[in-house]
Each structure stands twice: as structure tokens, then as C-alpha cells.
Amino acid sequence: MALDRRDFLKLLAAGVGGFVVGTALGYAAKPSEVREVLREVTVTATTPVERKLPKATVRIGVLGIRSGLWATYGEFIEQGARMAAEEINARGGILGSRVELVFRDEQADVVKQARELVDVEGVDFIVGIDSSGNAMRVGGIVDELAKPLIVTHAATHRLTEELVYKQGKKLIFRTSVPVYQDGILAAYIAKDLPVRKWAGINGDYEFGRVSWQLFQETLKKLRPDVEFVAEQWPKFGTEDFRPFISALLASDAEALFTSIWAIELVTLQRQLVEMGGYRKFKAVISTLGYSMDVAYALGKDYPVAELGTWVSGRYIWLYPPTSINKEFVDRFKSRWGKLPAYSSETTYAAIYLIKAALEEAVTLDPDAVAKAMEGMLLLTPAGVRWIRPEDHQAVYEVPYGRIAHKGAEVPLLDDLKAVPAQMYYRHPPFT
Amino acid sequence: MIDLDTFLSQLVVGLFRGSLYWILAAGLTLIFGVTRILNFAHAAILVTGSYITYTIYVSTGSYVLAFLGAIIACGLLGAVTEVLLIRRVYGLDPLYQLLLTFGVTLVVNEAQKLVWGKGSVYVPTPEMLRGGVAVGAVTVSYYTVFVVIVGFLLLLALHYFINMTMMGLRLRAVWRDPVMSEVLGLNPKNYYTLVFFLGSAIAGLGGALLIPAITVGPGLGDHLIVLAFIVVVLAGLGNIVGSYITALAIGVTWSLLTLVTPELDIVILYLISALILMVRPQGLFGER
Amino acid sequence: MILVYVVLALIPLTGQRFYIYLGSLFMIYAIFALSYNVLFGYARLVSFGHGLFFAWGAYATALTTLNLYRDPLVGVLVGIVTALIPSLVVGFLTVRHTRIYFAILTLAFGMVFYSALVKLRWLTGGTDGLVGIPKRGVILDISSPQAYYYFILAFFIVSTLLLYAISRSSIGLLIRALGGNEERLPFLGYSVFQLRLVAFTISGVGSALAGSLYAILMGVVTPDISYWTFSAEPLIMCLVGGFEHFMGPLVGAFVIVVLTTIAARFYEVWMLVLGLMVIGIVLAFRGGFTGFLETTWNLARHMVVARGGASKS
């Protein structure tokens, strides 16, 4: 992955610019709430030994999808969690306490699993969760569980906007960027593309609906001349998109937007190519198109539209071009044999967030730990994450990029476009 | 309102999906017709066939070998299941039999994950079937047409086999009257195993045809089995020709519906099934 | 049966919150399975759509407590009473058919309801569901785990006694006749259709009660409880426990709750474990636990009597 100097400087400028704007806006918002402590998340950080936690082990429950068509995602979460725990334990743990992970499948009745993790396995934190529905279910009982919940994939805005901000469930956090990435930021990309008529194909469930809705709303404001001429709603878990593709091709759309992800996205892309979608659509925006399972599965056959196949995720291994990120990617690659998937990094960050909070609070009391997490600035592979105190959503930016085949093990991205997170995230009061 | 090109391409897509459902339902209906067992694991066997196709193709590079391998392997899988497990429950209530096959499904799905991993697998379209013909804005691939043709050939083959061969005659005898067949010297038990082999082999064929068209992941069968059951029941249980027509009809209707009412496709399908069954409870082609 | 009540009443005293939760879950599933069995075990009609009624109860309770009147008791009562509507409507449309056709019909209705729950996002919250179902209400405050456990237990006792009474009553006998000798019923002056409809309605309302209690227990409802895979759960419980006996579904609910909890510890392969357990159960027990237990019990009694008789002579 050789970047030439110009690209590197562009990326660096974007990254630094984003960081500066982001923190500036953050500081401007609530100066008293943003703490000026930067916690460095690398393996070189040393821990003071005098302060100790009440227990010799810190147990963290990890939930993810372990069965069925999306089983890879639970594994991504596990990889990130394990790597973080191994690194932390190799350096003396958290204030001398060992990190232990307990894994469960969120598909085996997530509420039962969450309760068992807390009440029987005695975990101090719950981390992970792929499905938005499951995140809402566990979030609903978080006050009863009385342990901090850090979501690392589920993207529903309702988790943070409703449960944390409106209902005041202060134990919920999220380290991964939510549906704003799929809906709102995608519109910023779309506005610069010389196309006017958009079609959308999204899963017929909340994530698909909200992504398309946010995309439409935002793009209409940015480019009033745009038209949305067709939309299709395959059910969640569709194995054959042909009838939907055929219907879209019958419209006069020039470009396609999709929030479909994982194995369904792989199938969708292959079928789009087969049916001539890439002759019709001049541009394609695939919001989770750079998820590593998709990138590896499609490989050199990842289709490229005339004006680009624009993809993103919740973290892109190519960005930001910092040493922290590069070293993380290298370590991950040698540990697990593949480039890190986005939910591996978000879970990795979550474990380190726990470490940072415990080091500050020096207690396992959930409310104190949550207070410590609020407003924290964390230096992670994905960049600087700011845990926004209003809704406990981590604010960091992830770019979109254009798929480009350069002979590497996965397709790479050109023209990375990063927009400062504070510009495309929604803000309180979320009306 | 809908131009001819779109209609035609959607029609072909519908026939393609219908043919896949037919192949899935054919084995199911064959097994049920003779043994009265509804094999819930049937779709899981089909998906296993896809996985086997993938493995053989990756190691030998030959589609033909992969196809044949999947067919035989699935046939054996079905036969082994019958001998080891299904045989023990012939006397039981059909629901217990269904429960057993449900347990088998869980095991097979998990086995797929353990053997082939959690990621997706795929086999590229065979060389000579690549590409397609442009119908308006849609390219109808040669492969989809190929699958439709194979589906039809399967119908002819099954029909010929069941109605015009000695083996088919024996199967029909066992189906109609197991007791009498035994008196006449046929051992129903052997025929049950045979029909499980045949039905599962057909599923294997379906799996081999599926994987160049659809990316396969563990547990994919669960998304297919319900529609297979609906086809079998709507057609009238045990009816081969009826199943073919019903499967194609469902495929085509569903495809055309996405053109007209994109929001409601699967709902309408269920509603139509419900309506048909309320009006004609024995299914479209069944006998009372 | 009294033994069951006593045991259940004692569970919260252990103070173990997870087991209190499992107990609550068990009671809800038991009510669901027992209600389902009125249709399945007695009338021998297999439905794959009872998740519809469970979901109806759950959503009715959720919508009532969130929008109309903020009290769990009222929510549950609304759930039960309004459940008469879908029970009668769906029952009316489906019970004239039998066996697999009935099964597919009920499956279809269940899935249509699922689609409605997913699509009417403004009402149901779509796939993310409705959140924040309260346990602290105007009339009742059952926000502690023990409190809502006993809340559920109260309904459990009442509904199981009711169902037991029904099974022993003349209506119960008539419904059971549907399963055995339905040809005779018209000769005795009874309408098969009406009896089936009664059975269907009882099972529908009972399922809705289970769903209402479930909504309160979870605090959140999502559409997947109307999906056919959830509808299969009471069927599996009745099969595993034995559908011939009144207690069968209860035993089945218990077994399933226990087995799924144990299997889930093997987070990578729990479906494999569960599948093997299911296969094992079907092969070993050939008719559900209670049938097996009864057979062994009778066998044991015979042996004791025989030995007693032999030693006397």
C-alpha cells in the first residue's frame, strides 16, 4: 500500500484538519465538559502500580453474531477484543488487574445472554453487539443490569439519541460511528458527483429505511436539483436480488445508493455486474462496501463504476495515516492473518476505553466509570475519538473512498474524502 | 406503463427463481410422496451441495466434476440420514419426524460453518455460460436461462422415471400401498432409502446450480426452506408436475410483483398462498 | 401441580436474579405452550402462526402503556381482551381446513402480521421496536425483579388453573374429541367448526397473555416474535414435553429453557449442541417426556405389584 507524497499530504491534511475542526467545535460546545486529557492507546503506555482496582480480574462480556449468515461479524468483534485484552495483559493489565473476556452469541436470545453474563458470569462490562434490534433490547435493561454497555457495531441512532440523551441511560456508550455515516455522509459524497437521478436499494428494516431517509433528506438540502427516481426494499436476508435489480434498471436512474452489507452486499454486487448494472449506473455508493469480508470476497472482481464505486465502513484500515493506525494494522495482520475489519477496531477501541476509564476512576463502580468515560478523548487506530457527553456517541470521522484495483490482496481506495465528524453527525436536541 | 423489455427480463428472472424453487421442492415432494416424511433439512442439504460444489471446483477446476460430486455426495448424505436417523422414527407422529429433521437441520447448518468457515463461498459462472443477452437495460445472463432449461429437463426426467420405468413403478407401488407392496415382494425399507438418496441428490443438483448464481453462506438453507414447503403444499403434496407449475408461478408472480408493488412483495405472496388454500384446500393440483 | 406452584413461589427467595429471570421466562413460555396445546394437543390442529397472537398481546400492551395509560396491569388486560379480535378473525378463516393446509395458512397469517409490524414503522417502531415499556405504573409498581416475577406468577397460576379447568370440563372433552373422533361430533349435535373456533380462540387469547407478560418482562418488543421461527417454539415445547398430558407443555417449556441456556454456553457451536439434543430427545423418548415418564412409571408400578404378588405367593 504505497501512497505517493501528494496523497499522503492530502490525507494528513484531511486528518489533521478534521481533528482540529472537530476538537475545536467540541471545545466550543461545552468547554467545561471536554477534558483535556489525551489518553494514548498504544502498547507503549505504562500504568502506575500504586493505584489498584478492587478485583484481580476485570471481566468483560462480549456479544456478537456467531451463527448464521452474519457469523463473520461476531468473529470480527472477538478478534478486536482478544487482541486488545492480550496486549493489555502482556503489559500488566489494568492497574495490575487482568482482563478476562467472556463470549456469547447475541442470536441465542440476547437478553438472556446479557443477564447471564452479568448475573452468573459476573462481568463488569458488556461490549459488542452487531444487530440494532439487539442493542435496543440490551440497552432497554441496562439500568437493571447496572453495568456499562459499549456498543461497537449496531448503528441505530435511537440507541444514543433516545436511550442515552432522552431517557438518560448513562451507562450506554458507542465507539462505532452510527447510521449518520451511511445516510448523511454519503450525501456529502453524492453532492459532488455529476449525477442527478438516484435510485436506492436498501434492506427493509430500520437500518435500511433510516439510511435511505437520511441520505435523501441531506442530499436534497445540498443539491436541490437531485431526484430520487426508484427505490427497492429487499427483506433482510435476501439471497437473490435479481428481481429488485431488474426493476431498478427499468428506471431512469443514473446512480445507485445502497446500505446493504455483509454477504448480501457481495451477492448484490455480483448480480449487479451480471445484469448490466454497472453499464447503467455511473456511480455507486455502498455505505458499508469497504467492510473487510466484502473486500476479500469480491477481491479483484470488486466492480468499479464509471464515476466510482464509493465505499466506506465504520473504520477503514487505510485511514488515518498515523503510526498508531499502521502499527495496529500490522499487529492485527500478523495476529489474525487478515486486515482488520471495522468492528474489530471499534471493539479494540472499546476495550481500551474501558482501560482508560478504569485508570482514571480507579473503581469498578459503574456510574463512576461512566462518568470517567464521558467527554474522554481517546487516541485510537481510527483516529481521535471524542466520547460526546450528551449521548455517549464516539465522534470520529471515517472517510469514503473510491474502489481502485492496485494488485494488493484487497482493492484499495483512492480519493479518500473525510468530512469532519461534527459536520455530519446529528446533534442534540436531535429533533 | 411497464415496457415490454422490463417485463420480459423480469419474467426470465422469475422463471429462473421458480426453477430453483422447483428443484428444491422436487426432491422434497418426491421424498414426501413415498415416505410421508417432510424433510425439514432438505434445504440444508441443498446448501451443503453448494459447498461441496465449491470445494471440488476449487481443487479440480472442473465444473462437471463439481456438479456430479455434489449430486452424489448429497444423495449419500440423504441416504445416510435416512438409515441412521429417519428409520427410527417411521412409526412416530409426523410432527416428531419433523422435529427430528429440524434437529438435523441445526446440526447440518453448524457443520457447514465448522467445515467451510463463516465466510461466504462462490463459484464463478462456467466459461461457456458467461455473458448474456441485453433485454432493454437488463442483461439476462445465459446462466439463468441454463438453469431454467435444466429445471425443465429435470421435470421430464422425473416424470419419465416415475411413470415409465420399472423402478418408478415400484416406487409408486410403495407409495400407494406399502403393505401390499411388501406382500408382492418389495421391501419398502429399501425404497425409502432409495428415495431419500434420489431426493437429496436432486437437492445436490440444486445446490450445484445455485452457487454460481448466489453467494452462499452457512445456514442459507433456512432462508429457502419455508418457500419450498409453501410450493409443495400449494401444489398439492406429492404432485410432481403440479409442483413444477406452482414453483414457476410463484417465482414469476413474485418477480413481477416487485415491479408493481415494490413494498409488498413477500406479503402479497403469503396472502395469495393463504387465499388459494382457503379456496382450494387441497392445493392447486392435489387430490382430496 | 401444586408442587409446581410452590417451587415457583420459592425461586425469588434465592435472590439470584438470573434464575428469577429464567423462572419468569419459563412461566411465560409455559402459558404460551399450554395455550397452544389446547389447539394442538386436544384438537390436533398444528398452527405455525401463533407468534401472531403472542406478538399481538405484546404490542397491544406496549402501545397501551406507552401511549394511553401508563400501567402494566392495564396493559396486560388490554392485551388479553383485544386478543379476541385476531383470534376470532384468524380462527374463523382458518379452522375449516386441516392438517398441513391449516399449518401453512396460519404460517401465512403470522408472516403477514410480521410484515405489518415491520412496515408500520410510525406505529411499531419497525424492526427496532418499541422501547421503554414501564413496570412502574399508576396502579401497580412492579419494577423490582421479585415484584414482576410474582406478577407473572399470579397470572401463571390463574391461567393454568383456568386451562386445567377447561381441559376437565365438557368443553375440554369436546375439543379433545376433535382430535380423536371428530366424525362423531355432528351426530351428537355439535359443530366441528364451532368447537375448533372455540379451541382456537382460547389458544389465541392465552398466547396473547403470554405475549403481554413478555413485553413487560423485556421492556422492549420487536417484530421477530411474529416470525414463524418463534411460532415453532410452543410446538417444539409441546412435542418435547408430550402433548397428550396437561402438564406436557409445561415440562416441555422447562426442558427447552434449560437446554437452550446450557447450549448457549458453547457460543460458537450452540446450534449444533441444541440440534444433537433435539435429535437425542426424539430418538430416546419417542413421544415426549411425559409420555416416557408415564410409561416408565407404569412399568415400575407393574414390576412392584408383580414382585409384591410373587413374594406373597
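Two chains are in contact here where their heavy atoms come within 4.5 Å of each other. With that in mind, let us walk through this predicted model, beginning with the two interfaces that involve chain C.

**Where chain A meets chain C**

On that rule, chain A brings 37 residues to the contact and chain C brings 31 residues. The size of an interface is often given as the accessible area lost when the parts come together. For chain A and chain C that area is about 2900 Å², with 48% of it on carbon and sulfur atoms. Between these two chains there are six salt bridges, and 18 residue pairs are in polar contact, both residues being at pLDDT 80 or more.

Which elements of chain A give two or more residues to the side that touches chain C? They are α2 (71-90), β3 (98-105), α3 (110-119), α4 (132-140), α5 (142-145), α6 (157-166) and α8 (206-222). The most comes from α3(A), which gives seven residues. Sorted by class, this side of chain A has 18 charged, eleven nonpolar and eight polar residues.

**Where chain B meets chain C**

Here each chain is counted in turn: 38 residues come from chain B and 38 residues from chain C. About 3500 Å² is buried between chain B and chain C, and carbon and sulfur atoms give 79% of that area. Three salt bridges cross this interface, along with four residue pairs in polar contact, again with both at pLDDT 80 or more.

On the chain B side, the elements giving two or more residues are α4 (94-116), α9 (222-235) and α11 (265-279). Helix α4(B) gives the most, with 13 residues. By class, the side of chain B that touches chain C divides into 29 nonpolar, six charged and three polar residues.

**Salt bridges, across chains and within them**

Side chains of opposite charge can pair when their charged atoms come close. Over all chains, the structure holds 48 salt bridges. A selection is set out here.

| Salt bridge | Closest N to O distance |
|---|---|
| A:Arg66 and C:Glu268 | 2.9 Å |
| B:Lys118 and C:Glu268 | 3.2 Å |
| A:Lys333 and A:Glu409 | 2.9 Å |
| B:Glu127 and B:Arg130 | 3.6 Å |
| C:Asp141 and C:Arg136 | 3.1 Å |

C:Glu268 is worth finding on your screen: this residue forms a salt bridge with A:Arg66 and another with B:Lys118. C:Glu268 also belongs to a network of salt bridges whose other members are A:Arg66, A:Glu75, A:Glu78, A:Arg82, B:Glu110, B:Lys113 and B:Lys118.

What does the salt bridge between A:Lys333 and A:Glu409 tie together? A:Lys333 lies in helix α13 (residues 323-336) of chain A, while A:Glu409 sits in the loop between β15 (400-404) and β16 (412-417), so the pair links parts that are 76 residues apart in sequence. A:Lys333 is partly exposed, at 29% relative accessibility, and A:Glu409 is partly exposed too, at 41%.

The pairs within chains B and C can be placed in the same way. B:Glu127 is exposed, with 60% relative accessibility, whereas its partner B:Arg130 is partly exposed at 39%. In chain C, C:Arg136 is exposed at 54%, and C:Asp141 is partly exposed at 44%.

**Covered elements of chain A**

Is strand β7 (residues 197-201) of chain A mostly buried or exposed? Five of its five residues are buried. In a regular strand the side chains alternate between the two faces of the sheet. In β7(A), A:Lys197, A:Ala199 and A:Ile201 point one way, and A:Trp198 and A:Gly200 point the other way. Five bridges join β7(A) to β8 (residues 227-232) of chain A, and the two strands run parallel. One of the residues involved is A:Lys197, whose bridge partner in β8(A) is A:Glu227.

Helix α9 (residues 242-249) of chain A is mostly covered as well, with eight of its eight residues buried. Among them are A:Arg242, A:Phe244 and A:Leu248.

**A buried threonine in chain C**

C:Thr160 belongs to helix α8 (residues 145-168) of chain C. With a relative accessible area of 2%, C:Thr160 counts as buried because the cut-off is under 20%. A polar atom of the C:Thr160 side chain lies 3.0 Å from the backbone oxygen of C:Ile157.

Technical notes
Residues numbered from 1 in each chain as written. Chains lettered and ligands numbered in written order. Predicted model: local features only at pLDDT ≥ 70, side-chain atom pairs only at ≥ 80, totals over all residues. Heavy atoms only, no water. Buried area = accessible area lost by both parts, 1.4 Å probe. Salt bridge = Lys/Arg side-chain N within 4 Å of Asp/Glu carboxyl O. Polar contact = N/O pair within 3.5 Å; in protein donor to acceptor, adjacent residues only side chain to side chain. Helix = DSSP H or I, 4+ residues; strand = E, 2+ residues; numbered from the N terminus. Nonpolar A, V, L, I, M, F, W, Y, C, P; charged D, E, K, R; others polar. Buried < 20%, exposed > 50% of the residue type's maximum accessible area, 1.4 Å probe, protein only. Pairing = 2+ DSSP bridges.
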